[in-house]
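Subject: Handing over a structure

Dear colleague,

I am passing this structure on to you, with the sequence and the coordinates shown just below. Please have it open while you read the notes that follow.

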Amino acid sequence: MNDRPAKLPAAAVERAAALRREIDAHNHRYYVLDAPVVSDAEFDALFRELQALEAAYPALLTDDSPTQRVGGAPATAFEAVTHRLPMLSLNNAFGDDEAMAFDRRVREALGEDDVEYMAEPKFDGLAVSLRYVAGVLTTGATRGDGSSGENVTANLRTIRAVPLHLAGAAIPPRLEVRGEVLMLRRDFAALNAAQAARGEKLFVNPRNAAAGALRQLDPRVTAGRRLTFFAYGIGDVDWGAAAGPATQAALLDRLAALQFPVTAERAVVRGAEGLLAYFRAMAGRRAALPFDIDGVVYKVNRLAQQEQLGYVARAPRFAVAHKFPAEEMPTEVLGIDVQVGRTGAITPVARLKPVFVGGVTVTNATLHNEDEVRRKDVRIGDTVVVRRAGDVIPEVVRVLVERRPAGARAFVMPQSCPECGSAIVRLPDEAVARCSGGLVCPAQRKQALLHFAGRRAQDVEGLGEKLVDQLVDGGLVRTPADLYRLDAAALAALDRMGERSAANVIEAIAASRATTLQRFVFALGIRHVGEATARDLALHFGNLDALMGAPAERLLQVRDVGPVVAESIVRFFGEAHNRDVIAALRAAGVHWDEGRSREPVAGPLAGRTLVLTGTLPQLSRDAAKARIEAAGGKVAGSVSARTDFVVAGADAGSKLARAAELGVPVLDESQLLDLLAAAGQGPA
């Protein structure tokens with residue numbers, strides 16, 4: 001028996017590695033640099049994708065995976081504090097079904113028909129730990145990476161809601177209280193008003209303002225921000241002679257008795273129905289609360305049952321955060337522009353009258369593509385409803401047609417790319433329009449260079465993403481042809497490059513001058529032309545000039561090249577700037593062995609498309625396909641209006657019905673053999 005683990009799919013390995021790198025980078029920006037570049041929902045989506053990959057392929061799971069820890073490392077500006085018990089984060093539920101699934105898992109694990117829960121608001125702030133010894137606050141820390149956080153005791157002492165000395169009966173000898181530091185909405189409004197009066201930058205939302213205030217090196221700055229605190233649980237504790245509480249509800253009551261702020265919005269509920277009823281009630285009251293929340297938290301109420309359920313690597317099994325759906329707000333469309341993506345995709349973007357949605361001020365919203373603009377009938381001047389879907393990229397949900405002004409103007413997709421002036425094209429059966437200037441468009445420049453230098457293309461070792469960023473941002477490289485004009489001195493002057501590394505890259509660029517036609521065609525980044533198609537084009541045409549001058553009907557003779565691919569190739573080589581770059585690459589010495597172009601095959605099947613269906617009496621499917629292609633024909637996998645013949649055998653299926661629907665002629669095997677004989681491809 002072979003005990004070796006099954007080989008992991010390369011795509012899964014590569015995607016998991018990419019996700020880990022991206023998640024680690026976002027953790028560093030959020031927890032260490034205090035400068036996040038993505039929303040919580042975007043981060044959650046990446047995290048859930050990695051979790052799903054690791055669940056599907058357990059061999060991918062490693063001890064250092066982001067799924068095995070909570071967040072980023074503590075900032076070096078503060079002393080590190082080790083948590084005696086880890087401060088774990090919560091898994092998320094993004095809809096009623098996921099909340100009900102949580103209840104089902106809990107009931108099944110406990111063997112209970114009905115479970116009691118403590119439900120409370122999910123504060124939108126910063127998690128902290130407060131440690132008390134003999135009733136005196138000794139240490140305050142952020143959650144950090146769950147194992148250790150930042151010592152922010154001096155700053156926490158400035159928050160009036162945080163007790164410096166515990167009061168009440170039966171004070172525990174040792175108590176670690178966990179909760180959330182946040183800023184009330186009224187205090188946030190006052191803070192931003194003061195910022196505006198001083199001509200300083202406004203804060204985006206209360207959470208960011210609170211997090212920034214708590215991590216100030218000067219406690220006086222923290223004191224000026226009017227932060228508050230709510231307790232929601234405990235960590236390490238010694239209750240002393242007093243008995244510890246038996247439920248989460250009793251625990252919060254005990255903390256309130258010790259004079260910790262505890263939300264009055266908490267409630268004990270039963271079963272999934274109780275959870276969802278609480279969720280809807282809080283969603284209805286959300287706007288009226290004095291603080292921001294982004295959902296609610298459910299915890300199994302009985303502490304003994306919490307202990308029985310236990311934990312996974314980064315979160316408790318006995319609790320979950322049920323997130324609210326995105327907020328929606330109306331605003332006015334001031335204009336509709338287009339943005340060019342890294343792959344040339346043209347995305348219409350609505351420029352909006354600024355509106356506060358989902359905790360941020362929104363000024364732009366995606367319209368996805370031209371068809372979406374038409375479907376929603378979004379016009380310049382309209383009043384639209386904007387949503388931050390999952391707190392990610394804002395989008396236009398719908399138009400309030402009843403508020404449309406008389407002068408509202410329809411969107412017209414521009415004909416030229418706003419970045420490079422190249423033609424904007426939209427291929428048949430595609431929803432997205434694209435800039436055709438892949439080799440020269442500034443928006444696509446980095447992606448085009450990385451593809452050109454890729455291992456399966458020109459294979460320029462050492463030309464990675466960071467170096468390409470420097471070359472493009474520094475104006476050293478605009479097109480792939482510029483790579484061959486670089487010298488070692490220019491590269492060595494770049495950050496982290498050094499003379500030896502620069503010499504190695506120059507050597508790799510020089511070596512890439514000798515290539516193959518297949519690699520070169522693939523390196524050009526023609527839409528829909530992958531490695532296999534590049535190989536077939538190189539074999540069919542033999543030389544680049546023949547390929548560049550080929551009309552669509554000649555391209556359709558190439559194996560697996562259909563109308564969409566043929567049109568994409570014709571458009572690419574029809575752009576003068578693309579031909580200029582190719583000429584510059586040749587002038588720079590990029591070369592390959594060229595052969596003669598194959599002459600078009602004459603005969604009745606030349607340029608014809610056939611579809612095979614069913615079992616033929618004599619010919620196998622492969623034999624029939626080989627003879628059709630040798631006679632100049634092309635075998636397609638599906639029937640369309642461009643199909644010339646359908647060849648049907650026994651047990652023909654839906655393709656035969658589709659042929660009848662479209663009026664495509666149907667041949668049997670003998671009729672096919674007659675055509676092949678006329679083309680000189682008779683029976684062997």
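Two residues are said to be in contact when heavy atoms of theirs lie within 4.5 Å. Please also keep in mind that the model is predicted.

With that meaning of contact, we can begin with Phe-522, which belongs to helix α16. Phe-522 has a relative accessible area of 14%, and since buried means under 20%, Phe-522 counts as buried. Which residues is Phe-522 in contact with, leaving aside its neighbours within four places in sequence? They are His-451, Arg-456, Ala-457, Val-529, Gly-530, Glu-531 and Ala-534. Val-468 is 54 residues away from Phe-522 along the chain, and the C-alpha atoms of the two are separated by 19 Å.

The loop between α16 and α17 holds His-528, which has a positive phi of about 75 degrees although it is not a glycine. That deserves a second look, because most residues other than glycine have a negative phi. The relative accessibility of His-528 is 34%, so His-528 counts as partly exposed.

Moving on to helix α17, you will find that its buried residues are Thr-533, Ala-534, Asp-536, Leu-537, Ala-538, His-540 and Phe-541. The elements that cover these buried residues include α16, α18, α19 and α20. After α17 comes Gly-542, and the phi of Gly-542 is positive, near 80 degrees.

Helix α20 runs over residues 563-574, and its length can be checked by a short piece of reasoning: at 1.5 Å a residue, its 12 residues should span 16 Å, and its end C-alpha atoms are indeed 16 Å apart, so the two values agree. The expected span here is 1.5 Å times one less than the number of residues. The buried residues of α20 are Val-565, Ala-566, Ser-568, Ile-569, Phe-572 and Phe-573. Seen down the axis of α20, these buried residues fall within an arc of 160 degrees, and therefore they line one face of the helix. What they pack against is α17, α18, α19 and α21, the last of these being residues 576-587.

Helices α16 and α20 come up again in the second largest pocket, since each gives two or more residues to its lining, as do β20 and α12. This pocket has a volume of about 570 Å³, and of the 27 residues that line it, Thr-343, Gln-444, Gly-525, Ile-526 and Arg-527 lie nearest its centre. By class, its lining divides into 11 nonpolar, 10 polar and six charged residues.

How many cavities of 30 Å³ or more does a search of the whole structure find? The search finds one. The largest cavity has a volume of about 40 Å³, and its lining is made up of Asp-124, Leu-182, Met-183, Pro-206, Arg-207, Phe-291 and Asp-292. Four residues of this lining are nonpolar and three are charged, while no polar residue takes part.

Finally, please look at helix α11, where Lys-376 lies. Lys-376 is buried, with a relative accessible area of 15%, and, apart from its neighbours within four places in sequence, Lys-376 is in contact with Val-396, Val-397 and Val-399. Asp-377 sits in the loop between α11 and β15, and is partly exposed, with a relative accessible area of 28%. The phi of Asp-377 is near 55 degrees, which is a positive value in a residue other than glycine.

With best wishes

Conventions
Residues numbered from 1 in each chain as written. Predicted model: local features only at pLDDT ≥ 70, side-chain atom pairs only at ≥ 80, totals over all residues. Heavy atoms only, no water. 1 Å grid on protein atoms, 1.4 Å probe; cavity = no way out; pocket = protein on both sides within 12 Å on 5 of 7 lines; lining within 4 Å. Points joined across faces, edges and corners; volume = space filled by probe spheres on them. Nonpolar A, V, L, I, M, F, W, Y, C, P; charged D, E, K, R; others polar. Helix = DSSP H or I, 4+ residues; strand = E, 2+ residues; numbered from the N terminus. Buried < 20%, exposed > 50% of the residue type's maximum accessible area, 1.4 Å probe, protein only. Arc of directions from axis to C-beta.
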